[in-house]
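Me: Please take me through the assignments in this structure one at a time, setting each value against the definition that it has to meet.

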Amino acid sequence: MTTSAANGSNQRPVVIDASQLRKMYGQTVAVDDVSFSVHVGEIFGILGPNGAGKTTTVECIIGLRRPDAGTIRVLGLNPESDQDREELHTLVGAQLQVSALPAKLTVRENLDLYRSFYSHPADGAELVSLLGLGDKLDSSYKDLSGGQKQRLAVAVALIGQPKIAVLDEMTAGLDPQARRDTWELIEGIRARGVTILLVTHYMDEAQRLCDRVALFDQGRIVALGTPSELVAEAGGGKHVTFVPSGPFDDRLLTDLSDVTGVEHQGPRVVVTGTGELVNAVIQTLAANGVTAEDVTTGSATLEDAFLRLTGRHIHERDEANV
C-alpha cells in the first residue's frame with residue numbers, strides 16, 4: 001500500500017485515528033485491516049467504487065456501527081463507548097448517503113428541529129444563506145430538488161457547529177452544475193475551520209477537493225496520499241488519444257523515449273508517456289505516412305491510478321454500498 005502525507009498535514013493534530021479496522025457481515029468481509037489518520041483542517045477523501053467498504057468504515061468512525069476488530073479515536077473519543085459517543089455526536093456532523101429528513105416538514109422546521117438537539121447551535125439563518133436555501137425556508141423537504149435536499153442535509157450536519165463534518169456521496173445523482181456548486185460549498189465549509197471526511201466514488205471530485213485520499217478496493221486501502229502523489233506513484237503522466245489514418249507498427253511509438261505504453265481501444269489508440277509526448281507521437285506517425293486524427297490529450301488522473309493499482313476501472317463494480 002502506498003502511504004504518504006500531504007505537505008504539512010502530518011504536523012497538524014490528528015482528529016481521526018483508525019487502526020486495523022475490520023467489519024464482517026456474515027461471511028462477507030466489508031472492511032479489512034483499514035488504518036488511516038485525518039489531520040485537523042484537511043479535506044480527507046475516502047475514495048473507491050460502490051461496495052468497497054467506504055460507508056461501513058465511516059459508520060464505524062461516527063459510532064453507528066461497531067467494528068469487529070481495530071480501534072478508533074475521534075477527537076480523542078472512542079465511538080464504541082456509550083459515554084464518548086454521546087459527546088461525539090455534538091462534535092461531528094454527518095450527512096449520510098441514505099439519510100432522509102422528515103418529508104412534510106419545511107426547511108425552516110427541519111432546521112429548528114435539529115437546532116433543538118444542541119446547546120450551542122449555529123445560526124440557522126446564516127446557514128441557509130451560506131447554502132443557498134434562503135428562498136426555500138417555507139418549502140417542504142419532499143418538494144425540494146435533489147441538490148436542495150443535499151444542501152439541507154449539509155445544513156443539518158453543520159447546525160451543531162461540529163469540528164468535523166462527514167459527507168457521504170453528497171453529489172451522487174446531481175447534474176454537473178449542481179455537482180460543481182456543491183464542490184464550492186464543500187470548500188466553503190473547510191474555510192470555516194471544519195475538518196471534512198469526504199466519501200465519494202467520483203475520482204474527479206476527490207482530485208479537485210481532497211488534500212489526501214485513501215483509495216479503497218474490496219474492503220482494503222490500496223493507496224493513501226495526495227491525489228498528485230497517487231497519480232505519480234502509480235506511473236501517471238500524460239496521454240494522447242487518436243484515430244490513425246492507417247495501420248502502423250506499435251514499435252514506432254514504443255521505441256520513443258517519451259512513450260511508456262500503447263493501447264488499442266477499438267479504432268482509437270491511447271499512448272501514455274511523459275515530456276513532449278504529443279509532438280513526438282504526431283511527428284513520428286507523420287514521418288511514416290500515418291496521420292493522427294481526432295486527437296485528444298490529457299494528464300493522468302486518479303481513475304488512471306486506480307486502474308493501474310487494481311487492474312480495473314472504478315465503475316466495473318456497481319453494488320450497493322457496504
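The exchange below takes up ring pairs, burial, helices, contacts and nonpolar cores in turn.

Me: What kind of model is this, and how are its residues numbered?

Reply: This is a predicted model, in which local features need pLDDT of at least 70 and side-chain atom pairs count only at pLDDT 80 or more, while totals for chains, interfaces and linings use all residues. Residues are numbered from 1 along each chain as its sequence is written, and side-chain values use heavy atoms, with hydrogens and water left out.

Me: Why is the pair of Phe36 and Phe44 called stacked?

Reply: Rings of Phe, Tyr and Trp (for Trp, the six-membered ring) pair if their centres lie within 6.5 Å, and planes under 30 degrees apart count as stacked, over 60 as edge-to-face and the rest as tilted. A search of the whole structure finds three aromatic pairs. In the pair of Phe36 and Phe44, the ring centres are 5.2 Å apart and the planes stand at 10 degrees, so this pair is stacked.

Me: How do you know whether Phe36 and Phe44 are buried or exposed?

Reply: Buried means under 20% relative accessible area, exposed means over 50%, and partly exposed lies in between, with a 1.4 Å probe and protein chains only. Phe36 has a relative accessible area of 4% and is therefore buried, and Phe44, with a relative accessible area of 0%, is buried too.

Me: What makes the charged ends of Lys149 and Arg179 count as sitting over a ring?

Reply: The criterion is that NZ of Lys or CZ of Arg is within 6 Å of the ring centre and within 35 degrees of the ring normal. The charged end of Lys149 sits over the ring of Tyr141, 5.2 Å from its centre, and that of Arg179 sits over the ring of Tyr202, 4.1 Å from its centre.

Me: Why is α1 described as largely enclosed by the rest of the structure?

Reply: Helices (H or I, at least four residues) and strands (E, at least two) are DSSP runs, numbered from the N terminus. Helix α1 covers residues 54-61, and eight of its eight residues are buried, so α1 is largely enclosed by the rest of the structure. Among them are Lys54, Val58 and Cys60. Thr56 has a relative accessibility of 2% and therefore counts as buried, and Glu59, at 10%, is also buried. After α1 comes Gly63, whose phi is positive, near 90 degrees.

Me: What makes the approach of Thr56 to Tyr25 a polar contact?

Reply: A polar contact is a pair of N or O atoms within 3.5 Å; within protein, one must be able to donate a hydrogen and the other to accept it, and residues adjacent in sequence count only if both atoms are side-chain atoms. The side chains of Thr56 and Tyr25 make such a contact at 3.2 Å. Another, of 3.0 Å, joins the side chains of Asp17 and Ser37.

Me: How do you know how far Asp17 is exposed, and what does Asp17 touch?

Reply: Asp17, in strand β2 (residues 14-25), has a relative accessible area of 35% and is therefore partly exposed. Contact means heavy atoms within 4.5 Å, and, not counting residues up to four places away in sequence, Asp17 touches Phe36, Ser37, Thr71, Ile72 and Arg73.

Me: What makes the reach of α5 close to the expected one, and how covered is α5?

Reply: The expected span of a helix is 1.5 Å times one less than its number of residues. With 13 residues (146-158), α5 reaches 19 Å from its first C-alpha to its last, close to the 18 Å expected. The helix is mostly covered, ten of its 13 residues being buried, and what covers these buried residues includes β6 (92-95), α3 (107-115) and α6 (176-191).

Me: Which residues touch the most other members of the largest nonpolar core?

Reply: A nonpolar core is a set of buried Ala, Val, Leu, Ile, Met, Phe, Trp, Tyr and Cys residues joined through side-chain atoms within 4.5 Å. Of the 41 residues in the largest one, Leu152, Val154, Ile186 and Leu198 touch the most other members. The most is given to this core by α5, with five residues. A second, separate core of 31 residues includes Val31, Val74, Leu91 and Val92.
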